[in-house]
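Student: I have a structure open in front of me and would like to learn how to read its features one at a time. Could you take me through them slowly?

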Amino acid sequence: MGADHLMDGSIRLRLDLAYRGAPFHGWARQPDLLTVQGRLEEALSLITRQPILLTVAGRTDAGVHARGQVAHLDVPKEFWLSLSRGREESDELRGERLRARLEGLAGRGLNGALAIKQVRVVPKDFDARFSALSRTYRYLICDDPRAQDPCRLDIARTSSPLEEEKMQVAAQALCGEHDFLPFAKPREGATTVRTLHSFNISRPHDGIVQAMIRADAFCHSQVRFMMGALIEIGRGKYEPNWIGELLAAGVRDQRVPLADGRGLTLWEVAYPPADQYALQAQKAKVVRTLPENSPS
C-alpha cells in the first residue's frame, strides 16, 4: 500500500486476531458483559481518543474460539501519522506499534485469551464482513475418556462413541445452496439461504472426531445446530438420511440439539484479491432466496 491512502481523511485498518472463547460472552457487544467486540472497541477508543466501531467477518457465540478472525475499522489520518517516530516510517511499522498497544490494553487481565496477530492498512472498499469469500470453522469432539486432555479447551466431549463414517455421509447432504432455517436461529429480516462449500468429518486421532466446514457465510448458530444433528447420527439415534428430512421440512426441529460451543473454532476467513473487494461486497449484500419448487 503506497502513500495515496494518506490523501484521504481517514485510514481503513484490517485487524487479524485470535481468541479463546471461555472468558467471553461471544463477539457482539453486550451491556455489562465481557465480549470480544466490547473489549477491543473500548481499548481502541482509548488509544485513538475517539469512538471506534468494528466490523467483523463472523460473530461468534459465547464460548466459541477464533483462530482466524478478521475485523476492520477506520481511524483519522492524523492519528495514523502520530504513530510514527520518524517522517519516513512505513505503514508496517505504524501497524506493529498499534498492534502492540492494542494487545497490551485489550488483553489486560485475560491471561493470553486474546491475541492481535496483525494490523495493516487496506483499501477503503475492504469490508471484513461483506468482502469475504468464505468462512471455515473447525469442530472437535472427544468421544473416548482415554483421549481427554484437560489442557485442551477447544474440544467438546460426548459420553457416546461416534460413528464418524455415518456422520460424513450425512454431512454431504448439507453441501450446496440450501435454506438452513432448520439449523439456525434466524435474525429478523435476514435470509437463511447459504452455500455450504464443503463439510468433512474425520478422525485425526484416536478418540477425537474433527469436522471442517466451509461456506460463503453462516447463519446464527448454524454450525452448532448442524453438528448437534450429526452427533445424534454418530451416536446412532438417527440414520444419515435424517439430515435430508430436516432440510426438506424447512422448519426448526426441537430434536436437533445445539452442540457445545467449546468445540467450535472460527478457523479461517478467505478474501479475494484487493481489486475485487468492492465487487464481492456488492454480491454478498444481495438478499438470496431459493427458486420456487427447488429442493432446499
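## Reading rings, core and cysteines

Tutor: We can start with one aromatic residue: Tyr277 counts as buried, because its relative accessibility is 9%, and the cut-off for buried is under 20%. Please keep in mind throughout that this is a predicted model.

Student: How many aromatic pairs are there in the whole structure, and how is such a pair described?

Tutor: In general, a pair of aromatic rings is described by two quantities, the distance of the centres and the angle of the planes. A search of the whole structure finds five aromatic pairs. One of them joins Phe126 and Tyr271, with 5.0 Å from centre to centre and 50° between the planes, and this pair is tilted. It links distant parts of the chain, since Phe126 lies in the loop between E4 and E5 while Tyr271 lies in the loop between strand E10 (264–270) and H7, 145 residues apart. Both Phe126 and Tyr271 are buried. Phe126 also forms an aromatic pair with Tyr277, again with centres 5.0 Å apart, but here the planes make an angle of 70° and the pair is edge-to-face. This second pair too links distant parts of the chain, because Tyr277 belongs to helix H7 and is 151 residues away from Phe126.

Student: Which residues form one aromatic cluster, and is Phe126 buried or exposed?

Tutor: Phe126, Tyr271 and Tyr277 form one aromatic cluster. Phe126 counts as buried, because its relative accessibility is 0%.

Student: What does Ser131 touch, leaving aside its neighbours within four places in sequence?

Tutor: Ser131, which has its place in the loop between strand E4 (114–121) and strand E5 (134–142), is in contact with Asp125, Phe126, Tyr271, Pro272, Tyr277, Gln280 and Ala281. You will recognise Phe126, Tyr271 and Tyr277 as the members of the aromatic cluster. The side chain of Ser131 also reaches the backbone oxygen of Tyr277, at 3.2 Å. Ser131 counts as buried, because its relative accessibility is 0%.

Student: Which residues touch the most other members of the largest nonpolar core?

Tutor: The general idea is that, in soluble globular proteins, nonpolar side chains tend to be buried together. Here the largest nonpolar core has 77 residues, and Phe183, Phe199 and Met227 touch the most other members. Helix H5 (residues 222–234) gives the largest share of this core, eight residues. If you select Phe199 and set aside residues up to four places away in sequence, you will find that it touches several residues, including Leu174, Cys175, Ile213, Met226, Met227 and Leu230.

Student: How many disulfides does the count come to, and why is there no bond between Cys142 and Cys151?

Tutor: A disulfide is a covalent bond between the sulfur atoms of two cysteines. In this model the count comes to zero disulfides. The sulfur of Cys142 has its closest cysteine sulfur in Cys151, but the two are 14 Å apart and therefore too far for a bond, since the cut-off for a disulfide is 2.5 Å. The two cysteines also have different surroundings to report: Cys142 is buried, with a relative accessible area of 3%, whereas Cys151 counts as exposed, at 70% relative accessibility.

Student: Where do arginines lie over the face of a ring?

Tutor: There are two cases to look at. Arg67 lies over the face of Trp267, at 4.2 Å from the ring centre, and Arg252 lies over the face of Phe225, at 4.0 Å from the ring centre.

Student: Which residues have a positive phi although they are not glycine?

Tutor: Asp32 has a positive phi of about 65°, and its place is in the loop between strand E1 (10–19) and H1. Asp32 is exposed, with a relative accessible area of 82%. Phi of Asn111 is also positive, near 55°, and Asn111 is found in the loop between helix H3 (91–106) and E4. Asn111 is exposed, with a relative accessible area of 73%.

Methods. Residues numbered from 1 in each chain as written. Predicted model: local features only at pLDDT ≥ 70, side-chain atom pairs only at ≥ 80, totals over all residues. Heavy atoms only, no water. Core = buried A, V, L, I, M, F, W, Y, C linked by side-chain atoms within 4.5 Å. Buried < 20%, exposed > 50% of the residue type's maximum accessible area, 1.4 Å probe, protein only. Helix = DSSP H or I, 4+ residues; strand = E, 2+ residues; numbered from the N terminus. Contact = heavy atoms within 4.5 Å. Polar contact = N/O pair within 3.5 Å; in protein donor to acceptor, adjacent residues only side chain to side chain. Phe/Tyr/Trp six-rings, centres within 6.5 Å; stacked < 30°, edge-to-face > 60°. Lys NZ or Arg CZ within 6 Å of the ring centre and 35° of its normal.
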